[in-house]
Amino acid sequence: MDRAPEPHAGWTFLTNHSRVLAAIAEDRTTRVRDIAARCRLTERAVQKIIADLEAGGYLTRVREGRSNLYRIAPDMLLRHPADAPATVAELLAILAHHESGQAIASMAPEPDEH
């Protein structure tokens, strides 16, 4: 049974598709249930997003016993023309860099020299 996601008003920087892709990149054997919990989505929403990513050629799913093994196509270009020529690998590298905390330190404001 799908648990209702926590409500959120307003806009966000990342799409649910990028969140799901990042979760899969972190663990290629992760379960839909675990992706849903991490991304604060329903399992049904995650299944739809995975289907979208597969249909777009960004992801393939291979059945291994009772589990899925996901493969990401790192060289695929991001979908929006304004993002060209960025690839999936570049997006995931940015997200992984951010999650490690390194990106935040590099964004700190410069001390005022006055």
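Biologist: Why is K48 called exposed?

Modeller: K48 has a relative accessible area of 51%. Exposed means over 50%, buried under 20% and partly exposed in between, with a 1.4 Å probe and protein chains only, so K48 counts as exposed. The model is predicted: local features need pLDDT of at least 70, side-chain atom pairs count only at pLDDT 80 or more, and totals for chains, interfaces and linings use all residues. Residues are numbered from 1 along each chain as its sequence is written, and side-chain values use heavy atoms, with hydrogens and water left out.

Biologist: What makes the contact of D52 with K48 a salt bridge?

Modeller: The closest N and O atoms of D52 and K48 are 2.8 Å apart. A salt bridge is a side-chain nitrogen of Lys or Arg within 4 Å of a carboxyl oxygen of Asp or Glu, so the pair qualifies. D52 and K48 are four residues apart in helix α3 (residues 43-55), and therefore separated by about one helical turn.

Biologist: Is D52 buried or partly exposed?

Modeller: D52 is partly exposed, because its relative accessible area is 29%.

Biologist: Which residue forms a salt bridge with E54, and how is E54 classed by accessibility?

Modeller: The partner of E54 is R61, with the closest N and O atoms 2.6 Å apart. E54 counts as partly exposed because its relative accessibility is 26%. R61, at 40%, is partly exposed.

Biologist: What is the N to O distance between R31 and D34?

Modeller: The closest N and O atoms of R31 and D34 are 3.0 Å apart, and the two form a salt bridge. R31 is partly exposed with a relative accessible area of 47%, and D34 is partly exposed with 34%. A search of the whole structure finds five salt bridges.

Biologist: How do you know that β1 and β2 pair?

Modeller: Two strands pair if DSSP finds at least two bridges between them. Strand β1 (residues 59-64) and strand β2 (residues 67-72) are joined in the antiparallel sense over six bridges, so the condition is met. Among the bridge partners, L59 is matched with I72 in β2. The two strands form a hairpin with two residues between them, and G65 in the turn has a positive phi of about 65°.

Biologist: What makes a run of residues a helix or a strand, and how many of each are there?

Modeller: Both are DSSP runs, numbered from the N terminus: helices are H or I with at least four residues, strands E with at least two. The protein chain has five helices and two strands, in the order α-α-α-β-β-α-α from the N terminus on.
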